[in-house]
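Colleague: I have this one open and would like to go through its pockets and its backbone oddities with you. Can we start with what a pocket means here?

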Amino acid sequence: MNADAHLRDLINGLTVSAQAGSIWRNSRLPSSARPVGYVHCADKTRVPVLRETDILIVGSSLQGCFLAKRLAAGGFDTTLVSQDTSLPREMAMSLRPWAKSEDLKNAPEDVRNFLVSCKKDIADDEVIFNMVALSTGLEDLVLDAEAALFYDLQPCGVRGGGSAINEVLFAGKCGLVAIKAKAVVDCTFDGRLSELAGITLKNRNSAEKSVMARYSMLCKHPPRKKILCMDGDSERIETRGLLHGNFIEFCARLPAANNLWDDSFYGLEMRRLAAEAGQYWKISGLWPEAKFVRGADIVTIDAIKSINGRKSNGSQIIDACRPSGIENLLLCSPCADISDADANRMVERCVEAPLIDAIEAICWNKFLHAGTRSGGHLRVSQNNKGDNTEAFNAAEARFEERKPIYCTDEYVTIAGKRLPVVAECDALIVGGGTSGVPAAIVTASYGINTILVEKYGDVGGTHTIGGVPKYWFGRETDFCNRLDAAAISLMEKTGMPKCIGLLNVLLQSGVRVLRGAAVGAVMENDTVTGIVLSARSGLGVIMAKHVIDATGDGDLVARAGGRYYYGTGRDAMTLWASFSHFRGVDPEAARHFDCAYDIRDPFDMTRAIISSRRRGRGRDEDGHPVFYLTPRESRHILGRTTVTYRGILARCRYDDVVLVAVSNFDIKGIADSDLVFSGYVEWEYCRTFPAEIPYRALLPRDMEGVIVTGKAYSCTHDALSLARMQRDMMAMGAVAGAACFLAGDRQRFSDVDVKKLQRELRYLGVLKDEDLDECNREAFRDLPPQNIPPEEINRLIQEISAGEEVPLERKIDILMHPDQTIPLLKENLAAANGSGLIETAKALCFLKDAAGSDVLLSELSNRLSSDKLPELEHNRHAMPDHGWAPSGTDLVFLLARIRDKRVIPHLKRIADKVRINPDCSDYMFCWVHTVCLAAEFLADPDCAEALGTLANKPGLRSRDIPFGNDPRMTVNPVADRYAYLEYCIGRALMRCGSRRGHDILERYRNDMRGVLARSAAYFFKKK
């Protein structure tokens, strides 16, 4: 079959496969056989030690949270590390916020009192808890006790000497970090930390053949019956659905899995059973209106293993929590040496917390001094049976060398460490979000051996578990419509949410879906040949012929050592992120895109979750915490060409166009383009612009074997504000998948025949005929249209000088052809008047011709003649969103851009009139920011007076929050924006040679808000 015919079949097959009668019948997982080889970590690979602590608690169960609170309140330096993003794991991440009233009475007093305070409702004999109160309340308990808390860090290694654990390694969005501790408590449900430490866990008799698995979902119209059974399927033993308020808990006995992929197996199998149960209930009439809003992130299963404790009678005493061989390790989980019945009771009735009293009561001062305290052996995998396997000698595992903003000066060296190769494939997609899902579907539908790795239990990313289900903008294409139709087909049959619909299409296409996170890249010279995966068993390697980085943040390229920009490029600020709440049964989250976070740093990632959880709508009794942080922006790879704001407005054409994005310019954050600061923005909120995305923007510079899809592609900060919408990112995933197919077994991504790729994308429904017709008619290369006749340019300039309304993109046409336009602009300047005179002078100054400066200076004087600064005419969003700014800020910026020092007295006039509104970041933000930008351009000591006046303003002075303070202090987004302004004042003062600027930046280099601390550090490094 030729490629074109294959693609036609693929387009139709997306819908046909999902409309088939059966839901996926088995989980597509790699073989669980022993590793096929190993890869060495690169030379000089080190892991920074994040902090030192007395007691390290790993795992965010209810018991772990209260243990952290108690020990910290007792005076011990305590650190709680959660592999998730919400507390507690067995309620928030498992979506099981209920407890039997009888069990609640048997809980420890402090646990019982807390849970009672979170009561939302009573259903039969159960108490249903307010999930937002649970999550924020537990955070408050831990933080009020002054324990340290970290989110989104998964244990993946242990270093110990003699009979003690010295450091624990963690993997997360930040890469690899370590925490040094005197004592460690393993609160992970499955005892993964203990196994990483070399403790042999024995299988429980109760789990010899099967285990009870539980998967919970929120439903829109609860059934009348409390128990719903299923008939007629011999596969299921004891399969049923239990009603808990608005939650349905699917219970089923599954074969006991004991391999590398058990997390993936249980997750996929229970989601399949839930979908088939929904289909059965709808068809049978037991529950015809069945509709499920969202599901849990994790599946809860009965206890499978236990340690060999210091006593063998299974009693719940402290010795049952102490594994033999390691003196400073305790278990506070169902893996303790307790009876099978007691262990499973801990799973089902988690509120009783039976172990924490015994663990708290030990002599901790003695316990903290057990064992050795330095050096020791490092284990980064539970699989140590690969000694006889062959090494991939040409390959090495690399990790991004980025030190967290705040950490110790110590490191754990992992250079040369063996990492087992646990799977191989032809196409490896890293990330199952907006772009990763379509990328995997396309590659697998070609018949390519495809593995998709996703850190969450559900796929779809921002569109599904991120709570942004609507398509606000983006180009509608046949490909996206068919993919949606395929997912919706299953949703209609089963009542499942869209994430399950997308999962069905993935598995029907032949994709093998694994749960885990990519924390490193495997390289052979300049080629990416695999990833380092962090999963339940520690670190392992998946080798692949082609890799698609669909993380949305360029994680894999960064791990491989590829170059990238972060945020604006001017500093570490990004477009705003969101981490909010779901409201009842609404699939759309109550979002609040209003602050930036540095997701590369574990401190700021945790701060983002803690502070965001406490703001915005949805924090009522019907609220449910999300577990997916939604950043609009982070990294942009340095590609082989870059999409720019200027290029989009100029309608740049590319001969290798593979995607046309369509949207408005929705800059939720700080702008960066000189065009924006000069006032060349679109004031109509809903007006859309097309943007061609070239194939080269998906290819990292100086690196092969990997293609990037999603919002991390090569573009500027302001360009991303348009070309990032979900429909467009879905289509970009298809581009990456098709490129992977065309690359074949040996071909590099950079050698793919682009013309052939374009033809196939047309068949796939990503590109349209007019896209290719226009490109073939006149193949431009990173340039705007060059065929504008001189008479057309002259007409445009005459319209501008006459004060007529000229569309934004036509103004940009003038600016993109300076050789032709500067003489004409000068010629028309003398005859222009009113607004036409201002616009003509602005265009000249933007093109760095001083002929228009006198006009702008005169106009600026007029606009500043009032007692108040000009206000913003558009009050739709808090500043600085959308790049909108009051009239006059553009004049200041343009005069400074051409280094006209006559603007300096005006800076002081502006500073004197600034009045900061403590309740809202309004138009004054733009005036302050403009003065700072102007002073940075001028770099003149005479600017210091205006900047000093701003630095003394109430509302802008001393806005820093030193590191070590409570992260809940950063809840207010208005305070964050004014703190950023003070940072900008300090930066400008330092540019102008003022010692005061240095002092301000020194304060912000120690700010607890990572984006500000990183920005200050960047500036000092540049200086």
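Modeller: On a 1 Å grid over the protein atoms alone, a pocket is an open set of points with protein on both sides within 12 Å along at least five of seven lines, and a volume is the space filled by probe spheres set on the points. Please keep in mind that this is a predicted model.

Colleague: Fine, so how much space lies in the second largest pocket?

Modeller: The second largest pocket holds about 940 Å³ of space, and its lining is made up of 36 residues, with Gly 679, Trp 683, Glu 839, Lys 842 and Asp 890 lying nearest the centre.

Colleague: Which elements give two or more residues to that lining?

Modeller: Two or more residues each come from helix 18 (674-677), helix 24 (808-815), helix 26 (834-846), helix 28 (889-897) and helix 30 (924-938). Of the contributors, helix 26 gives the most, namely four residues.

Colleague: And how do the lining residues divide into nonpolar, polar and charged?

Modeller: In the lining of the second largest pocket, 18 residues are nonpolar, nine are polar and nine are charged.

Colleague: Changing topic, what does strand 21 pair with?

Modeller: Strand 21 (residues 391-398) pairs with strand 1 (residues 37-41) in the parallel sense over three bridges, and there Tyr 38 stands opposite Ala 391. Strand 21 is also joined by three bridges to strand 26 (residues 517-524), with the two running antiparallel, and in that pairing Ala 397 stands opposite Val 522.

Colleague: Now the backbone: where are the cis peptide bonds you flagged?

Modeller: One joins Leu 87 and Pro 88, with omega about -15°, and Pro 88 sits in the loop between strand 3 (78-81) and helix 3 (89-93). Another runs from Met 879 to Pro 880, with omega near 15°, and Pro 880 belongs to the loop between helix 27 (853-863) and helix 28.

Colleague: Why would I look twice at those, or at a positive phi?

Modeller: Because most peptide bonds are trans, and most residues other than glycine have a negative phi. Lys 44 has a positive phi near 65° and is found in the loop between strand 1 and strand 2 (46-58), while Asp 124, with phi near 55°, lies in the loop between strand 5 (119-123) and strand 6 (126-129).

Colleague: Is Lys 44 buried or exposed, and what about Asp 124?

Modeller: Exposed means over 50% relative accessible area, so Lys 44 counts as exposed at 73%, and Asp 124 counts as exposed at 62%.

Key
Residues numbered from 1 in each chain as written. Predicted model: local features only at pLDDT ≥ 70, side-chain atom pairs only at ≥ 80, totals over all residues. Heavy atoms only, no water. Pairing = 2+ DSSP bridges. 1 Å grid on protein atoms, 1.4 Å probe; cavity = no way out; pocket = protein on both sides within 12 Å on 5 of 7 lines; lining within 4 Å. Nonpolar A, V, L, I, M, F, W, Y, C, P; charged D, E, K, R; others polar. Buried < 20%, exposed > 50% of the residue type's maximum accessible area, 1.4 Å probe, protein only.
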